[in-house]
Amino acid sequence: MTARWIWAVGCHPWSFAHPEEARWRLLPEDGEIYVDYLRAKTYKHTHLLLDPAVRPWAAQFVAEEAGYSEREYLRRTARFGKKIHLDGLTCRALRHDRIFLTLRAVDWDMPVVVMMFGTDAGTLMGYAAGERAKTYTASLKARSFC
């Protein structure tokens, strides 16, 4: 579930390891639920429509699973990757996958994705150009992860 959460919200493990500083919130808006938190490094808001697949367990997961060390989230993600035969899967690859798919879904509209993920266009271009995003996205989709 940790890997699924990191992928769904595109978060750096710091944001989950430091829940008080990241200020995790689930916000109902217009009949939908959004996740809002502060990004690692920039401390800018990330404000995303919560993936319907994680909605049933999101609040409980944030309450019970936030606050472990970044290393623990890295370990959990690597363990999940091995379980589904994606050796080398990392939190970073999951985050880049999520952002890559979002960029593609909004037809590469950078300002929209900058607002959603609280990052800058240069960082997003790096995510989009990364070969890991393209490779892991296809592998994860093939395993019904997405």
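S15 touches A22, W24, Y37, L38, R39 and A40 when residues up to four places away in sequence are left aside, a contact being a pair of heavy atoms within 4.5 Å. The residue lies in helix α2, where helices (H or I, at least four residues) and strands (E, at least two) are DSSP runs numbered from the N terminus. S15 counts as buried because its relative accessible area is 0%; buried means under 20% relative accessible area, exposed over 50% and partly exposed in between, with a 1.4 Å probe and protein chains only.

This is a predicted model, in which local features need pLDDT of at least 70 and side-chain atom pairs count only at pLDDT 80 or more, while totals for chains, interfaces and linings use all residues. Residues are numbered from 1 along each chain as its sequence is written, and side-chain values use heavy atoms, with hydrogens and water left out.

The chain holds nine helices and three strands, and its pattern along the sequence is α-α-α-β-β-β-α-α-α-α-α-α. The radius of gyration, taken over C-alpha atoms, is 14 Å, which agrees with the value near 15 Å for a compact globule of 146 residues, the globule rule being 2.2 Å times the number of residues to the power 0.38. Of the contacts with a separation of 6 or more, 59% join residues 24 or more positions apart.

| Property of the chain | Value |
|---|---|
| Box of the C-alpha atoms along the principal axes | roughly 35 × 35 × 30 Å |
| Buried share of the 146 residues | 49% |
| Exposed area | about 7,600 Å² |
| Carbon and sulfur share of the exposed area | 55% |

The areas come from the Shrake-Rupley method with a 1.4 Å probe.

A nonpolar core is a set of buried Ala, Val, Leu, Ile, Met, Phe, Trp, Tyr and Cys residues joined through side-chain atoms within 4.5 Å. The largest one has 42 residues, of which W5, V9, F16, W24 and V35 touch the most other members. Elements that give two or more residues to this core include α1 (2–9), α2 (13–17), β2 (32–38) and α6 (91–105), and α6 supplies the largest share, seven residues. Beyond four places in sequence, W5 touches F16, W24, V35, L50, V54, W57, A58, F61 and V62. In soluble globular proteins, nonpolar side chains tend to be buried together.

By contrast with S15, which is buried, A129 counts as exposed because its relative accessibility is 55%. A129 is placed in helix α8, and its C-alpha atom is separated by 17 Å from that of P111, 18 residues apart along the chain.
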